[in-house]
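Here are my notes on the model you sent over. I have kept them as numbered points so that you can follow along with the structure open.

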Amino acid sequence: YLAEKGQLPDVPGGGSMFWRKVSSLLRQGVYSVMEFAPGKGLDNVTDSDITLEVLRTYGELAAFDILINNGDRIPIIHDNNGNPGNVHISGGRVVAIDNRIAPVPQSVIERDAKAGKETYLDRVTKMVSELKKDKTSSEPIAKMRKFVELHSNEGKEWGGNAEKRTAAIYEGFMKVAKEISKLELSNFEKISKEIVSLSHDEVWQKQCEGFSDAFHAHNAEAFKALF
């Protein structure tokens, strides 16, 4: 259709061959198969849906995301606005969808990659220090709370049950943080071996192409200071 309209975008280095291949693929039929996850994203629920169990599992997920550097969900140490659609609430608890494991940063320049990893680890270490010192009143917990308030309560602060709700987030976060703190480099090296045995399609489907045993082990090490 675009070719008929003369609207094909330029592709450097042999555009006509590229578009012939695309046209051939489209004629064969392209399908995307996804698992259906019942429930709603955080941006499609109301405050009445935010139970203590939802908040506990929300905190659990937040801790796990920091370990694997999944920045496309809850903005705690990442410089973004988060993605409430990936905080999926189903069956009275938070379900993780659209998960991705990523090292920091994915750079071909060694010094940039090293600086990025050190910056990320510094942020994790700072977060741990704040949690240990201020617990439920710490900045990381405040960020998690505000993210929920923004997307499920029209940005309004929680009322009289705020203390219990905040404590539930903290409880869930610390539960998973404790398990993370028990992990050693050998645990991550074992995962690396399992990933190597996967096919390219399986690696893509599991979104684990960015796994780095050393990087994630360093993240886990930072959590030990909490306990």
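1. First, some terms: helices (H or I, at least four residues) and strands (E, at least two) are DSSP runs, numbered from the N terminus. With that in hand, Lys126 can be placed in helix α4. This is a predicted model, in which local features need pLDDT of at least 70, side-chain atom pairs count only at pLDDT 80 or more, and totals for chains, interfaces and linings use all residues. Residues are numbered from 1 along each chain as its sequence is written, and side-chain values use heavy atoms, with hydrogens and water left out.

2. Now the overall layout. The protein has nine helices and three strands, and from the N terminus on its elements run α-α-β-α-β-β-α-α-α-α-α-α. Taking buried as under 20% relative accessible area, exposed as over 50% and partly exposed as in between (1.4 Å probe, protein chains only), 38% of the 227 residues count as buried. A contact means heavy atoms within 4.5 Å; among contacts between residues at least 6 apart in sequence, 73% join residues at least 24 apart.

3. Back to Lys126 for a moment. This residue counts as exposed, at 52% relative accessibility. Its C-alpha atom is separated by 9.7 Å from that of Pro140, 14 residues apart along the chain. Pro140 belongs to the buried residues of α5, together with Ile141, Met144, Phe147, Val148, Glu149 and Ser152.

4. What is in the largest nonpolar core? A nonpolar core is a set of buried Ala, Val, Leu, Ile, Met, Phe, Trp, Tyr and Cys residues joined through side-chain atoms within 4.5 Å. The largest one has 49 residues, and those with the most contacts inside it are Tyr58, Ile66, Val124, Met127, Met144, Phe173 and Phe223. At least two residues of this core come from each of α3 (52-68), β2 (87-90), α4, α5 (139-152), α6 (162-181), α7 (185-196) and α9. If you would like one residue to click on, try Val124: leaving aside neighbours within four places in sequence, Val124 is in contact with Ile66, Ile77, Asn219, Ala222 and Phe223.

5. Next, the aromatic rings. Rings of Phe, Tyr and Trp (its six-membered ring) pair if their centres lie within 6.5 Å; planes under 30 degrees apart count as stacked, over 60 as edge-to-face and the rest as tilted. The structure holds two such pairs. One of them, Tyr120 with Phe215, is tilted, at 5.5 Å centre to centre and 45° between the planes. Because Tyr120 lies in α4 (residues 110-134) and Phe215 in α9 (residues 213-223), this pair ties together parts that are 95 residues apart in sequence. Tyr120 is buried at 5% relative accessibility, and Phe215 is buried with a relative accessible area of 5%.

6. The sheet is worth a look too. Two strands pair if DSSP finds at least two bridges between them. Here three strands form an open sheet in the order β1-β2-β3, with antiparallel pairing. The edge strands β1 (40-41) and β3 (93-96) each pair on one side only. Between β1 and β2 there are two bridges, and Gly41 has His88 in β2 as its bridge partner.

7. Finally, α3. Of its 17 residues, 13 are buried, so this helix is mostly covered. Straight after α3 comes Asn69, whose phi is positive, near 60°. Similarly, α5 is followed by Glu154, with a positive phi near 55°.
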